[in-house]
Amino acid sequence: MLTLVRLWAIFIRMAQVTYNKDGTPRKQGSGRKKGSLSLMEVKLSELAEKFNPNDPIIVGRKWYENLFKKVVDITPQKADTPSAASAVDEKIAYKLTTFK
Amino acid sequence: MEKPFAELFGQINVKKRLNFYLKAFDKTSLCPFLLLVGAKGLGKTEFARQFGGNLKNLDGRNRPFLELNCSTIKNLEGFFDQIFIPLIMDSEITVLFDEAHELPKDVTNAFLTIFNTERGHTRDFRWRDGEYPFNFKQQTFLFATTEPDKLFAPLKDRLTTVDFEDYTPFELAQILEFQVTGTSLVEGISFEDEALLELAKTSRGNARDCVKVAKELENWCAANETNIFRLKDFAQFCDDLGINPLGVSHIEKKVLSILRRDGQASLQELCAKTGLSRTAIQRDVELYLMKKSLIKIDGKRHITKEGSDYIDSHVKKKTA
């Protein structure tokens, strides 16, 4: 009887497989655990004590858009780092000799 | 202690000047910013290396020698990040900027400020957010170039030029003999004087090429199981290795043969007959032939008596 229950549980899990955007199956256990929260409640007055009126603070984009009815277009910034090939090109050739 | 430059032949004037700077350095710990100028293969880097090897730190130890190829320095940031901070700053070191005419513009401009040392032997160079201290009692800077005309004139004004001269055939023979007898794989190779002189002439006045000829000669002697090189061996050596007397290249020999046959030719005619561009003929062919007095140019190209003799003795004899 117990084995049947286990088999059923495995079947249910298999049926619940979700997929990533690239089509690969999502790894088991990834994502937020049920009940865990990354956001919390805080009083505005508490924040006001810590910040000046012009200090930048980070908020959720969706929340901001809902509140101010504005769409914010944020394009991901390209990292300003040279490619591996150009980094090799820019290596300065030198030879250090120590005399005895 | 061994005399400086004892293992280097020729360049008497260069040796005198460098010895003078070494003596002055012993008393003052300062050396002017030297610019070694000369054609390729005359030994600029080797002289700089030996000069650096004779400079002592303030505690009496030998000073390390850093050799940079300027064509690989792309900008000032790279120079400070990769070279100055890790290797030069607060160290006692000699630095040679080889092929100095390849220095990028921003590095050249920075050097104009850094090497302006009329008020003392230290200089703090400020750039972006950093300050880079130079102490010319701790750091000696040397430059070498084959093309001094390409060096930014104000920078050249801050450097002290040391000119290298051509080697005489006798000096080239000494270099060749030293290379063969000093490092030879074959025990005790000896030469007939005339054979050594003829061999030296194939190096085109270039000490580096002498070292190459020495290596070829070692292999030739080993292959022929001989340790005496005579004048009669010279022709065979040249034939086996495709070397022409006086070190004339095959294309130079072709131009000489054309002029011997036709008497004279314009540059355009030589281009058509050899398939080379005007620049290639002017830069790579005519210069050496004129240096050896084998041709002369007065609008048209003419073969000289020496040139005719060369072709008659080395080409016609071979084909006969």
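Before I start, one convention: two strands are taken to pair if DSSP finds at least two bridges between them, and I will rely on that when I speak of bridge partners. What we have here is a predicted model, in which the predictor gives the complex an ipTM of 0.77 and a pTM of 0.71. For chain B the mean pLDDT is 90, with 96% of its residues at 70 or more, and as a general caution, where pLDDT is low the predicted coordinates should not be read in detail.

Let me begin with the layout of chain B, for which the domain assignment gives domain 1 at 12–163, domain 2 at 169–243 and domain 3 at 250–319. Taken over C-alpha atoms, the centres of domain 1 of chain B and domain 2 of chain B are separated by 36 Å.

I would like to spend most of the time on strand S3 of chain B, residues 93–98, where 6 of the 6 residues are buried. If you look at its two faces, B:Ile93, B:Val95 and B:Phe97 lie on one side, while B:Thr94, B:Leu96 and B:Asp98 lie on the other, and all of them are buried.

Which strands pair with S3(B)? One of them is S2 of chain B, residues 65–69, which runs parallel to S3(B) and is joined to it by 5 bridges; within that pairing, B:Leu68 has B:Phe97 as its bridge partner. Between these two strands the chain passes through helix H3 of chain B, residues 76–88, and the resulting β-α-β crossover is right-handed. S3(B) is also joined by 5 bridges to strand S6 of chain B, residues 139–145, again in a parallel arrangement, and there B:Ile93 stands opposite B:Gln139.

Turning to the contact between the chains, 9 residues come from chain A and 16 residues from chain B, and the side of chain A that touches chain B is made up of 5 nonpolar, 2 polar and 2 charged residues. Strand pairing extends across the chains as well, since strand S1 of chain A, residues 94–97, is joined by 4 bridges to S2(B), the two running antiparallel, with A:Lys95 opposite B:Glu67.

Finally, a residue in a loop: B:Asn54 sits between helix H2 (44–53) and S2 of chain B. Is B:Asn54 buried or exposed? It counts as buried, because B:Asn54 has 21 C-beta neighbours inside 10 Å, and the cut-off for buried is 20 or more. Leaving aside residues up to four places away in sequence, B:Asn54 touches B:Pro4 and B:Leu22; B:Pro4 is 50 residues from B:Asn54 in sequence, yet their C-alpha atoms are 7.0 Å apart.

Definitions and conventions
Residues numbered from 1 in each chain as written. Chains lettered and ligands numbered in written order. Predicted model: local features only at pLDDT ≥ 70, side-chain atom pairs only at ≥ 80, totals over all residues. Domains from an automatic or database assignment. Buried ≥ 20, exposed ≤ 12 C-beta atoms within 10 Å, placed from the backbone. Right-handed = clockwise from strand over helix to strand, strands pointing away. Contact = placed C-beta atoms within 7 Å. Nonpolar A, V, L, I, M, F, W, Y, C, P; charged D, E, K, R; others polar. pLDDT = per-residue confidence, 0-100.
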